Amino acid sequence: MQKNVSLAMGNGGLENNELITKVFYKAFQNDILEKSEDAAVIENGKLAFSTDSFTVSPLFFPGGDIGKLSICGTCNDLAMMGAKPKYLTCSVIIEEGFAIRELEKIVHSMQKELKKNGAIIVSGDTKVVPQGSVDKIFINTTGIGIIEQKGISSNNISKEDVIIVSRDIGRHGASIFAAREGIELTTTLESDCASLIQQVEALINADIKITALRDATRGGVSAVLNEWAKQSNICIEVEERSIPISDEVYGICEMLGFEAVNLANEGTFVLAVKQEDMKRALDVLHSFENSVNAVEIASVSDAYMQKVILKSPHGTKRFLDVPTGELLPRIC
Ligand code: MG
């Protein structure tokens with residue numbers, strides 16, 4: 001590994017994995033951590049526990065702001081383990097000179113999103129640092145949730161599962177990029193930033209056999225599928241044409257040479273469910289505005305273990321690799 005931390009080491013992809021494995025996992029090694037789930041499952045499967053820091057730039061973007069994101073991010077990681085978010089902590093690092101009015105706006109967004117999750121902030125910390133020590137504001141949230149369905153895990157996916165994506169992909173990455181670069185859009189592209197607990201609870205209440213869930217944040221759908229292929233020791237075969245991508249996101253990808261599968265999402269998740277439950281799972285998801293275009297995108301095989309294959313509409317195949325390089329720093 002190189003001597004100094006690079007921006008690529010925060011990309012949610014290859015370099016990020018290397019940093020985590022070789023520095024943090026090496027030091028902190030334990031069975032819970034090594035499961036590499038969205039949230040740690042603790043207390044004999046009763047509780048889920050997760051943390052996330054938010055550094056997004058700009059702080060306010062179409063479809064959300066750093067406050068909304070800081071609640072969605074942690075609550076969604078809990079929801080992805082089948083847990084109902086309950087108690088959160090909130091730590092902020094604020095740059096001297098930051099406008100109180102903006103801070104209030106951010107906190108108001110947090111409160112609004114907490115309500116949707118049925119969660120509360122029960123502890124926090126505030127640090128103010130001299131100008132230039134941090135860019136405006138960074139937020140960390142940590143959350144505990146009560147697991148409503150046990151056994152959801154990215155380590156148990158098998159050939160009996162099919163893989164679904166909950167909505168059209170890449171909106172968060174594309175809209176942050178557009179906002180940052182001042183790209184004028186004739187359409188109204190917004191981040192998908194949203195809490196996912198309601199969809200997850202509806203799936204649980206419908207008795208869907210959920211094998212795994214993961215929100216496709218940094219590194220996008222491509223990172224999730226690659227992590228799953230490795231963790232469950234399977235091959236995932238994706239039908240490229242089945243992946244839902246909006247015209248706006250597709251346009252930005254064309255313009256900038258991005259692949260939508262690598263773009264970050266903040267309210268989009270990937271599900272592995274038993275084949276026999278696929279139709280019912282899709283019916284449940286289609287009843288939510290956020291997931292009206294949920295669709296099956298992949299199947300599981302043993303063609304190439306721990307690999308993801310992308311099948312083009314023309315019948316050609318290629319490996320879909322873990323995203324690499326400096327994708328978009330400060331996306332979340
Ligand atoms: Mg996650």
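I42 stands opposite L47, and I would like to start from that pairing in this predicted model, because L47 belongs to β2, a strand being a DSSP run. Three bridges join β1 to β2, the latter covering residues 47–54, and the two strands run antiparallel.

From there we can widen the view to the sheet as a whole. Five strands make up an open sheet, in the order β1-β2-β7-β5-β6, and the pairing within it is mixed. At its edges lie β1, residues 40–42, and β6, residues 120–129, each of which pairs on one side only. Going from one strand to the next, the twist averages 20°.

Across this sheet lies helix α3, made of residues 66–79, which crosses β2, β5 (83–95), β6 and β7 (137–147), and which runs at about 150° to β2.

That helix brings me to the metal site. Which residues supply the protein donors of the magnesium ion? They are D38, D77 and D215, each through OD, and they lie 2.1 to 2.5 Å from the ion. Written along the sequence, the spacing of these donor residues is D-x38-D-x137-D. D38 sits in the loop between α2 (31–34) and β1, whereas D77 sits in helix α3, so this pair ties together parts that are 39 residues apart in sequence. Are these two residues, D38 and D77, buried or exposed? Both of them are buried.

To draw the pieces together, the loop that holds D38 leads from α2 to β1, β1 is an edge strand of the sheet, and helix α3, which carries D77, lies across β2, β5, β6 and β7.

Technical notes:
Residues are numbered from 1 along each chain as its sequence is written. This is a predicted model: local features need pLDDT of at least 70, side-chain atom pairs count only at pLDDT 80 or more; totals for chains, interfaces and linings use all residues. Side-chain values use heavy atoms; hydrogens and water are left out. Two strands pair if DSSP finds at least two bridges between them. Helices (H or I, at least four residues) and strands (E, at least two) are DSSP runs, numbered from the N terminus. Axes are lines fitted to C-alpha atoms, for helices over the stretch in contact, and angles run from 0 to 180 degrees between N-to-C directions. Contact means heavy atoms within 4.5 Å. Donors are N, O and S atoms within 2.8 Å of the metal (3.2 Å for Na, K and Ca); water is not among the atoms, so sites may look incomplete. Buried means under 20% relative accessible area, exposed over 50%, partly exposed in between (1.4 Å probe, protein chains only).
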